[in-house]
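Biologist: I would like to learn how to read a structure of this kind feature by feature. Could you take me through it slowly, with the general idea before each case?

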Amino acid sequence: MLFFMMGQRGFHAARMRLRWIACATALLLLGVTSAQIRYSISEEVAEGTVVGNVANDLGLDQSTLKDRKYRIVTSTTDPLFRLDANDGNLYVSRKIDREEVCERTSTCEINLKTVLENPLEVHYVSVEVLDINDHSPIFAENDTEVEISESVPPGVRIPLQSARDPDGGIFSVQRYKLSPNEHFRLEVKDTGEDGKIPVLIVQKSLDREIAARHTLVLTALDGGKPPKSSETYIVVNVLDANDNAPVFSKDVYSVMLEENCPLGTTVVKINATDLDSERNGEVVYSFSNSVNRKFFKLFEINPSTGEITVKGLIDYEEREKYQLEIEASDKGLPPLSAQKSITIKIIDLNDNAPEIEITSFSRLIPEDSPPGTTVALISVNDLDSGLNGKVICRLNDDIPFNLSPSLQDKMYSLVTKSLLDREKQSHYVIIVTAMDAGQPSRSCEKTIAVVVSDVNDNHPEFYLSPYTFYVTEGNNPGASLFSVKAFDSDENSNAIVSYQILRDSRQDSMVSFINVNSETGDIVSLKSLDFETLKTFRFQVVASDSGTPSLSSNVTVNVFILDQNDNAPVILYPVSSNGSAEGVEEIPRNVNAGHLVTKVRAYDADIGYNGWLLFSLQEVTDHSLFGLDRYTGQIRTLRSFTETDEAEHKLVILVKDNGNVSLSATATVIVKLVEPKEAFAASDVKSAAKDDEDTNVTFYLMITLGSVSVLFIISIIVLIAMQCSKSPEYTSKYLQETNYDGTLCHSIQYRSGDKRYMLVGPRMSIGSTIVPGSHANTLVLPDRRRTSEEE
């Protein structure tokens with residue numbers, strides 16, 4: 001260990017001692033070098049005082065301190081020391097008050113941690129702040145009065161107030177001295193950490209008639225050289241002797257007091273006398289120390305008159321009787337006293353409302369619970385006594401519950417008195433009222449919320465019955481067509497509805513391709529719908545809940561398939577022997593304008609606009625010779641033939657429907673011009689062949705028209721049945737197209753609500769309008785009945 005003596009700096013002289021521990025020892029721990037040195041410095045040195053050169057004491061190179069960021073690591077914003085990285089000195093940053101930094105400690109050490117980087121070094125510096133005698137002892141009061149009876153014997157000890165010195169160690173209070181006096185002497189008691197306490201001792205009997213007051217000077221001195229001191233005056237007042245105790249005027253005190261009486265109410269007034277004179281004969285009243293401290297909040301006593309009054313709330317239910325011990329003391333020194341017991345009995349009033357307690361409460365009650373099922377046990381209590389504590393209970397009206405008295409007093413059972421139905425009312429608020437028999441009567445209420453739990457007693461119900469849907473043909477297999485929905489008035493699992501299709505052998509074969517999503521009710525078709533194959537079908541959906549046992553209900557679903565333009569026109573004439581739409585027509589060269597060359601016949605399996613066919617000339621050798629009726633398909637001559645006209649003409653006829661996306665077919669007619677004689681001969685042969693061909697075409701047309709008519713009749717029957725089962729006005733009828741021009745046409749009219757709809761063929765009625773989104777084959781017809789009503 002090495003000690004260094006440091007010089008003085010600033011206006012205060014500073015003694016500094018340096019103790020360097022393990023200066024030459026370097027600890028290598030995880031690559032960190034560590035060392036520790038100690039300094040000492042007196043308190044109150046000036047700011048900027050050098051504590052020591054840490055760099056030299058640690059053997060550090062001063063030229064590298066700044067680059068290695070030599071610094072003190074601290075978390076305080078106002079540190080006591082600072083480290084100069086230029087010269088390695090440790091400086092005082094501000095004036096240090098040892099009593100502030102290290103209050104009430106014998107040794108004041110301040111530990112600093114210094115750090116260098118590259119490589120990392122940590123050095124610990126401990127600075128001991130040495131105490132100086134910069135404070136004087138201080139008494140809390142400049143003078144103290146002490147009262148001593150003249151009858152006290154010598155040797156009585158009176159502790160005095162001690163002085164306090166912020167300095168520690170030898171500079172704290174070391175001794176006391178008392179001014180010379182023949183009646184008193186001073187003794188100092190050492191209490192260790194609490195310092196020294198002066199004790200005044202009576203060494204000679206006092207005589208109040210000779211000296212009624214003694215004034216003493218108490219001096220406290222610390223251990224400094226020279227010592228610092230302070231003084232306080234001790235005034236001793238000699239009191240007269242007291243030899244008579246007070247006497248109460250009654251032997252027994254007992255009173256009655258109503259509970260809840262107003263604050264300040266007089267309970268009783270006691271009286272005691274003392275035969276002594278002056279202060280020794282003045283009587284002071286108080287509660288004895290044996291009285292429960294809680295009673296001090298309820299009662300108070302006038303120390304001069306002995307009157308006891310109410311201070312707090314008096315409650316009979318908390319305590320029926322109070323026993324107070326009263327003490328009467330005179331003002332003698334020492335005082336003499338006497339005790340007397342007072343009994344206060346409390347009179348009960350009806351000041352407590354009944355209390356209701358709910359036990360064994362079943363909040364959930366199944367709706368199928370039989371009458372008499374216990375919901376809760378109810379106990380009532382009233383802290384009052386007699387009639388004030390007798391309680392009657394009742395329930396609110398219009399609830400299916402009763403209160404059933406128990407064998408035990410003030411106990412009731414809350415029971416059901418009729419069957420419950422959760423779907424009608426799922427919650428009940430029961431108000432229990434308890435009323436006592438006091439005057440005036442007091443009451444209280446308790447609210448009980450009862451929830452009726454669900455039982456699976458309701459079948460699922462569909463929002464519509466039956467369901468009717470219109471579905472466009474050509475749907476994607478597996479895609480949702482429409483949905484059915486059902487609800488269940490029950491709750492939780494009893495209200496979870498699943499769906500399935502009711503299947504039997506009598507249903508339409510299409511139903512076997514229909515599936516339903518069991519959770520959502522979405523209906524899907526596993527195959528594409530075709531209007532030309534099937535116009536309508538029906539099936540039944542079963543909705544089942546998840547209760548135990550499960551309940552279910554059925555609904556009928558009627559599906560009408562709407563036509564799309566998915567069929568191209570089919571050429572019926574001309575048709576060649578190989579099946580292609582080609583034909584040869586021979587006409588005389590001498591025919592006039594307007595001569596019927598031939599008629600192109602075509603058929604479209606679609607209906608409405610999708611089946612309405614239009615004809616046009618796509619290719620012709622001479623536009624001036626032939627004309628085509630766009631509606632009938634008739635080809636006629638436009639003028640007479642001349643010698644310069646070619647003998648053979650090719651006509652390509654385009655037949656297309658009127659769908660949104662039009663489909664078409666073509667037919668080729670070769671017209672040959674012949675001389676009249678050849679034309680006549682060929683006409684006979686052709687006429688016979690044509691008769692056979694027309695016979696076959698007529699046969700096919702009859703079969704087609706018959707099939708369509710049967711389907712229309714079935715649709716009419718279904719629509720009429722739906723009209724009879726539904727509230728909205730709904731009519732259906734088929735309109736036969738009378739003017740058939742070679743194109744097969746058909747149409748359907750029906751009414752739904754306030755609108756009339758029509759699926760049309762080639763010819764539409766005047767005043768009809770197309771409904772957007774109807775695929776151009778549905779019309780809305782003006783409602784003549786409504787028009788007439790409005791007129």
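Biologist: Before anything else, which residues form a nonpolar patch on the surface, and about how much accessible area do they have together?

Modeller: Please keep in mind that this is a predicted model. The nonpolar patch on the surface is formed by Tyr463, Leu464 and Phe487, which together have about 320 Å² of accessible area. Phe487 has its place in strand E38, residues 486–487, and it counts as partly exposed because its relative accessibility is 30%.

Biologist: What about the nonpolar interior: which residues of the largest nonpolar core touch the most other members?

Modeller: The general idea is that in soluble globular proteins nonpolar side chains tend to be buried together. Here the largest nonpolar core has 29 residues, of which Leu257, Val267, Phe299, Ile314 and Ile344 touch the most other members. Among the elements that give two or more residues to this core are strand E19 (253–258), strand E20 (266–269), strand E25 (321–330) and strand E26 (337–347). Another core, of 27 residues, lies apart from it and includes Ala486, Ile501, Met510 and Ile607.

Biologist: Taking one of those core residues, what does Ile314 touch, not counting residues up to four places away in sequence?

Modeller: With those sequence neighbours not counted, Ile314 touches Leu257, Glu259, Asn260, Cys261, Leu298, Phe299, Tyr322 and Ile346. You can read Ser288 in a similar way: this residue lies in the loop between E22 and E23, and, leaving aside neighbours within four places in sequence, Ser288 is in contact with Phe296, Glu325 and Glu327.

Biologist: Is Ser288 buried or exposed?

Modeller: Ser288 counts as buried, because its relative accessibility is 9%, and the cut-off for that word is under 20%.

Biologist: Let us turn to charged residues; how many salt bridges does the structure hold?

Modeller: In general, side chains of opposite charge can pair when their charged atoms come close. The structure holds 13 salt bridges. One of them joins Glu117 to Arg71, with the closest N and O atoms 3.2 Å apart. This pair links distant parts of the chain, since Glu117 is in the loop between strand E9 (109–116) and strand E10 (121–130) while Arg71 is in strand E6 (residues 71–73), 46 residues apart. Both partners are partly exposed, Glu117 with a relative accessible area of 25% and Arg71 with one of 34%.

Biologist: Which residue forms a salt bridge with Lys331, and how far apart are the closest N and O atoms?

Modeller: The partner of Lys331 is Glu282, and their closest N and O atoms are 2.9 Å apart. Because Lys331 lies in the loop between E25 and E26 and Glu282 in the loop between strand E21 (272–273) and E22, the pair ties together parts that are 49 residues apart in sequence. Lys331, at 31% relative accessibility, counts as partly exposed, and Glu282, at 36%, counts as partly exposed too.

Biologist: Which residues are linked in a network of salt bridges?

Modeller: The network links Arg422, Glu423, Asp454 and Glu491. Within it, Asp454 forms a salt bridge with Arg422, the closest N and O atoms being 3.1 Å apart. Asp454 lies in the loop between strand E34 (443–453) and strand E35 (461–462) and Arg422 in the loop between strand E32 (411–416) and strand E33 (427–436), so this pair ties together parts 32 residues apart in sequence. Asp454 is buried, with a relative accessible area of 15%, and Arg422 counts as buried at 10% relative accessibility.

Biologist: How many aromatic pairs does the structure hold?

Modeller: A pair of aromatic rings is described by the distance of the centres and the angle of the planes. The structure holds 14 aromatic pairs. In one of them the rings of Phe139 and Tyr176 have their centres 6.4 Å apart and their planes at 55°, so the pair is tilted. Phe139 is in the loop between E10 and strand E11 (143–149) and Tyr176 is in strand E13 (residues 173–178), so that distant parts of the chain, 37 residues apart, are linked. Phe139 counts as buried at 8% relative accessibility, and Tyr176 is buried with a relative accessible area of 8%.

Biologist: How is the pair of Phe537 and Phe539 arranged, stacked or edge-to-face?

Modeller: Phe537 and Phe539 form a stacked pair, 6.2 Å centre to centre with 25° between the planes. Phe537 is buried, with a relative accessible area of 5%, and Phe539 is buried with one of 1%. Finally, ring pairs link Phe462, Tyr467, Phe469, Phe482 and Tyr499 into a cluster.

Technical notes: Residues are numbered from 1 along each chain as its sequence is written. This is a predicted model: local features need pLDDT of at least 70, side-chain atom pairs count only at pLDDT 80 or more; totals for chains, interfaces and linings use all residues. Side-chain values use heavy atoms; hydrogens and water are left out. Patches are made of residues with over 30% relative accessible area and no salt bridge: like charges are joined within 9 Å, nonpolar side chains (Val, Leu, Ile, Met, Phe, Trp, Tyr) within 5 Å. Accessible areas come from the Shrake-Rupley method with a 1.4 Å probe; for residues, only the protein chains shown count as cover. A salt bridge is a side-chain nitrogen of Lys or Arg within 4 Å of a carboxyl oxygen of Asp or Glu. Helices (H or I, at least four residues) and strands (E, at least two) are DSSP runs, numbered from the N terminus. Buried means under 20% relative accessible area, exposed over 50%, partly exposed in between (1.4 Å probe, protein chains only). A nonpolar core is a set of buried Ala, Val, Leu, Ile, Met, Phe, Trp, Tyr and Cys residues joined through side-chain atoms within 4.5 Å. Contact means heavy atoms within 4.5 Å. Rings of Phe, Tyr and Trp (its six-membered ring) pair if their centres lie within 6.5 Å; planes under 30 degrees apart count as stacked, over 60 as edge-to-face and the rest as tilted.
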